[in-house]
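Visitor: Please take me through one part of this model at close range, and then set that part against the rest of the chain.

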Amino acid sequence: MNSDTRSLWGGLRVAVLALLWGSTFLWIELALRGLSPLQVTFARCALGALVLVVACYATGHRMPRGVTVWRHIAVAAFFCNALPFALFSLGQQTVDSGLAGVLNATTPLWSIALGLALGSERGLRPVRLAGLLLGFTGTIVIFAPWQTTGATGWGALAILGAAASYAVAFTYMGRTLVRKGTPTISLSAAQLVAASGLTALAVPVGGLESIDVGPAVVTAAVVLSVFCTAITFHLTYRIINDEGATNAAVVGYLLPVVSVLLGAVVLGENLSVRVVLGMVVVLVGVGLTRRKAAASGDGGRGEPGTVQPASEASATEKPASAEPARGDTPRRTLLENAR
């Protein structure tokens, strides 16, 4: 499989992830009509974990072993799952789903800032930087803070905190968990299990309110857990593993497009010329970023701040040093995409 085909697979994964991730905010809003924020958080972690654990064992893998790897998983579960999931649910009590998606699009900016602070983004190439900045500009155009009133309260700050937490998590996962000899399906399943445990500890504090579940609430909770948590989270892990933490964060730039369109189609919100223009700018920015990643070879192989594609060892739980020759790359990629 040549670099163009691998880039196509990567782009398809990003598109599916953006669609599922972007719809998350709509399902959260519907679930909150019958569940408290912490109940929504626990439900998506627990049911999502169940789906991924079943998928893990069904594909012939097993859960990670060892105190060290589980310690890293627990940290990642806090910053990538338990904390941001709770902040989104809390924030969307006062912020609508479309705006939540727009605010979450700041994740790539937080990721770049963190990379610069840690020194992993040294030598950031002009085209890549231009794409990130252009995407942020498009987000501002969609958000239009000069026209918005009442959206800068605690709810918006909570969602911004969730976006920053994602950036921390992506970087941490890229440094400590991927390419360490454990399949990504095992890592994603274990991480949601850990997130379920962390969230369960917080439920007695603010999750014991009475629930009012109806068909719409149950459907929203199931879709949120299975599609927008389990599947989305595993796809995120795959992108971090194959293309790096910053490229995973770039998916956040597509969220305003999905969330705003869903608001227009499902909720009947007006789609103004300004919003359409902003979405076009966002897409151009993402295109520049991904074009640069593809041009550098194998989705950013060797670029500062990125993680190289996983070796065959990751799929068979061999030591990371047992990497196959470059000639094995097509077979390896087909196997990984099949998973």
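**The packing of H5 against H7**

Guide: H5 and H7 are oblique to each other (neither under 35 degrees, roughly parallel, nor over 145, roughly antiparallel, nor 65 to 115, roughly perpendicular). The model is predicted, with local features requiring pLDDT of at least 70 and side-chain atom pairs pLDDT 80 or more, while totals for chains, interfaces and linings use all residues. Numbering starts from 1 along each chain as its sequence is written, and side-chain values use heavy atoms, without hydrogens or water.

Helix H5 covers residues 107–118 and helix H7 covers residues 154–176 (DSSP runs of H or I, at least four residues; strands are E, at least two; both numbered from the N terminus). The angle between H5 and H7 is about 50°, and their axes are 8 Å apart (lines fitted to C-alpha atoms over the stretch in contact, with angles from 0 to 180 degrees between N-to-C directions). H5 crosses H7 in the right-handed sense (near helix clockwise from the far one by less than a right angle; left-handed if anticlockwise).

On the H5 side, the residues that meet H7 are Thr 107, Trp 110, Ser 111, Leu 114 and Leu 118 (heavy atoms within 4.5 Å). On the H7 side, they meet Leu 160, Ala 163, Ala 164, Tyr 166, Ala 167, Val 168, Phe 170, Thr 171 and Arg 175. By class, this contact of H5 with H7 has 10 nonpolar, 3 polar and 1 charged residues (nonpolar: Ala, Val, Leu, Ile, Met, Phe, Trp, Tyr, Cys, Pro; charged: Asp, Glu, Lys, Arg; polar: the others, Gly among them).

H5 also contains Ile 112. Ile 112 counts as buried, because its relative accessibility is 6% (buried is under 20%, exposed over 50%, partly exposed in between, with a 1.4 Å probe and protein chains only). Ile 112 and Leu 129 are separated by 17 residues in sequence, and their C-alpha atoms lie 9.0 Å apart.

Beyond H7, the loop leading to helix H8 (184–206) contains Arg 179. Although Arg 179 is not a glycine, its phi is positive, at about 60°. Arg 179 is partly exposed, with a relative accessible area of 22%.

Two further helix pairs may be set beside this one. Helix H2 (residues 37–58) packs on helix H3 (residues 67–91) at about 140°, with their axes 8 Å apart. H2 is therefore oblique to H3, and their crossing is right-handed. In H2, Pro 37, Leu 38, Val 40, Thr 41, Arg 44 and Cys 45 meet Ala 82, Phe 85, Ala 86, Ser 89 and Leu 90 of H3. Here the classes come to 8 nonpolar, 2 polar and 1 charged residues.

Helix H4 (residues 97–104) and helix H11 (residues 255–266) pack at an angle of about 175°, again with axes 8 Å apart. H4 is therefore roughly antiparallel to H11. Ser 97, Gly 98, Gly 101, Val 102 and Asn 104 in H4 touch Leu 255, Pro 256, Ser 259 and Val 260 in H11. The contact of H4 with H11 has 4 nonpolar, 5 polar and no charged residues.

The whole chain provides the setting for these pairs. Its secondary structure comprises 14 helices and 0 strands. Of the protein's 339 residues, 53% count as buried. Among contacts between residues at least 6 apart in sequence, 88% join residues at least 24 apart.
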